[in-house]
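This briefing walks through the fold of one protein, beginning with a pair of facing residues and widening from there to the sheet, the helices and the cores. Please keep the sequence and the model open while reading.

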Amino acid sequence: MIFKYYNFSSLPISKEQLRDYMERMDRANGNSRDQNVSRAAIVDLESNLWMDRTLRFKIDNAVPQQTKTLIHRAMRHWQENTCLKFIQASTHTQDYVKFVNRYNGCFSTHVGREGGIQYINLPFDCNHLGIVIHEIGHALGFWHEQSRPDRDRYVRVNLNNTSPLNWFNFLKMRDSVVDHQGSHYDYGSIMHYHLNSFSKPGCTGSDCITLSISNTSEYVRQGSPLVGWWQNLSDQDILQTNRFYSCPCRSRNEGIYGNLTIFLRHGSNLFNPHNTDPSVFPTAYVTVTAVDCNGLKTVRNSQTIQNKVNPRWDEWLVMGVRTWQFFRIRVWDQQITPSSQSLTMSQTFTVSSTPKMREKNCHNSDCTNFVVFDHEVVPSANFRKGSSILHKRTYVTCLLLNLLDTLVLH
Ligand SMILES: [Zn+2]
């Protein structure tokens, strides 16, 4: 997976180290809001992107030529499939990845750009193209696929088949940490573990299976890929990268031209699922970022009013006339500040003329604890606020606020 400082699998690790690790994980999952620790890179998912869509790197002199060749092949693979670039760090570069081969195990020390020097460790036994592509994926901002907040609908974690010391490798992340950019759970992702990763030494047969596929029909729909067989980026890996880094469209057909309008609403119990008093209407902050086919962003902010008696809150956010690709909705429970630690939800959705997302709808009445939204792209430049058929829609997409969904192990 995915965690910062994630790979202790091949290192001797004490209980103290594990506890320290778990605490850091806990903070990464937002469970310790009073920690005096900067979580900016986690709070703002975009702040750990590489600037100018370019990862700068150095390769340690001790890295052998065979590994260097693989590193360059892996970077070329990322470059050919996404809009990212890789260039050598200069003596003035502050933030860069250094490839080394000093330690045991294949790992990246960070997920995304952390600031300063960060490392990807590739000793001799990591000399496989897929592994190098995978570790670069961590440095670009990817967590492990099986750590997605929705993973329990697709895989089952068999903790009995792994040592408790390795349980942290199977933690599930919260929505505030992971935005899967509107992609579906991807068994074929370069970031997905093998089905017997971290199994106990000497195990046999089914006792070695640490991850079971629990959604067989979806697995078959995806073409029954070899899980954890890291060779190249999957289509979903590429989609996620291009969205995470707001890459321009490859063709204009990928976007929809028109006036994009996002309709927002949320229920009365948004930040207190146990609140049954509809007159208490907590404050929420919503940021919508829409990205057009040139990779340019348009941002609109919205704020609910605290203690509003009306348990419903509706707003139209008009993003303007462009060729739109996708939009991202973020929900905060505090006003956004540089030190804000309040991101509750970040989700990304494809702009569609006939929103496919409505396949996953829930009825308004089921949405008391949800942010609900829909969107449309109106081709006419004469769009009039409030004139849309959105008024009449009874079904809208819900963003579940997983406030109580912490580090649950299954
Ligand atoms: Zn990994």
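In this predicted model, R56 stands opposite I87, a residue of strand β2. The two strands concerned, β1 and β2, pair in the parallel sense over four bridges, and together with helix α3 they make a right-handed β-α-β unit. The protein as a whole has six helices and 15 strands, and buried residues make up 38% of its 410 residues.

**The open sheet**

- Five strands form an open sheet of mixed pairing, and their order across it is β2-β1-β3-β5-β4.
- The edges of this sheet are taken by β2, residues 85–88, and by β4, residues 107–108, each of which pairs on one side only.
- At the β4 edge, two bridges join β4 to β5, residues 117–121, and these two strands run antiparallel; here S108 stands opposite I120 of β5.
- As general background, strands of a sheet pair through backbone hydrogen bonds, in either a parallel or an antiparallel manner.

**Helix α3 against the sheet**

- Helix α3, which covers residues 65–81, lies across β1 (54–59), β2 and β3 (96–100), and it runs at about 145° to β2.
- Once neighbours within four places in sequence are left aside, A74 is in contact with L129, V132, I133 and I136.

**Helix α4 and its surroundings**

- Which residues of α4 are buried? They are V132, I133, H134, E135, I136, G137, H138, A139 and L140.
- Because nine of its 12 residues are buried, α4 is largely enclosed by the rest of the structure.
- The cover over these buried residues includes β1, α3, β3, β4, β5 and α6, the last of these being residues 235–244.
- The length of α4, residues 129–140, can be checked against expectation: at 1.5 Å a residue its 12 residues should span 16 Å, and the end C-alpha atoms are 16 Å apart, which agrees.
- After α4 comes G141, whose phi is positive, near 130°.

**Two nonpolar cores**

- The largest nonpolar core has 30 residues, and those with the most contacts inside it are L55, A74, V132, I133, I136 and L140.
- At least two residues of this core are supplied by each of β1, α3, β3 and α4, with the largest share, five residues, coming from α4.
- A second core, separate from that one, holds 18 residues, including L264, M319, F327 and F349.

**A290 and long-range contacts**

- A290 is found in strand β9, which spans residues 285–292.
- Is A290 buried or exposed? With 24 C-beta neighbours inside 10 Å, where 20 or more are required, A290 counts as buried.
- Leaving aside neighbours within four places in sequence, A290 is in contact with L260, T298, M319, W324 and F327; among these, M319 and F327 are also members of the second core.
- A290 and G320 are 30 residues apart in sequence, while their C-alpha atoms are 9.8 Å apart in space.
- Across the protein, of the contacts between residues at least 6 apart in sequence, 77% join residues at least 24 apart.

How values were computed: Residues are numbered from 1 along each chain as its sequence is written. This is a predicted model: local features need pLDDT of at least 70, side-chain atom pairs count only at pLDDT 80 or more; totals for chains, interfaces and linings use all residues. Two strands pair if DSSP finds at least two bridges between them. Two residues are in contact if their C-beta atoms, placed from the backbone, lie within 7 Å. Axes are lines fitted to C-alpha atoms, for helices over the stretch in contact, and angles run from 0 to 180 degrees between N-to-C directions. The expected span of a helix is 1.5 Å times one less than its number of residues. A nonpolar core is a set of buried Ala, Val, Leu, Ile, Met, Phe, Trp, Tyr and Cys residues joined through C-beta atoms within 7 Å. A crossover is right-handed if, with the strands pointing away from the viewer, the path from the first strand over the helix to the second runs clockwise.
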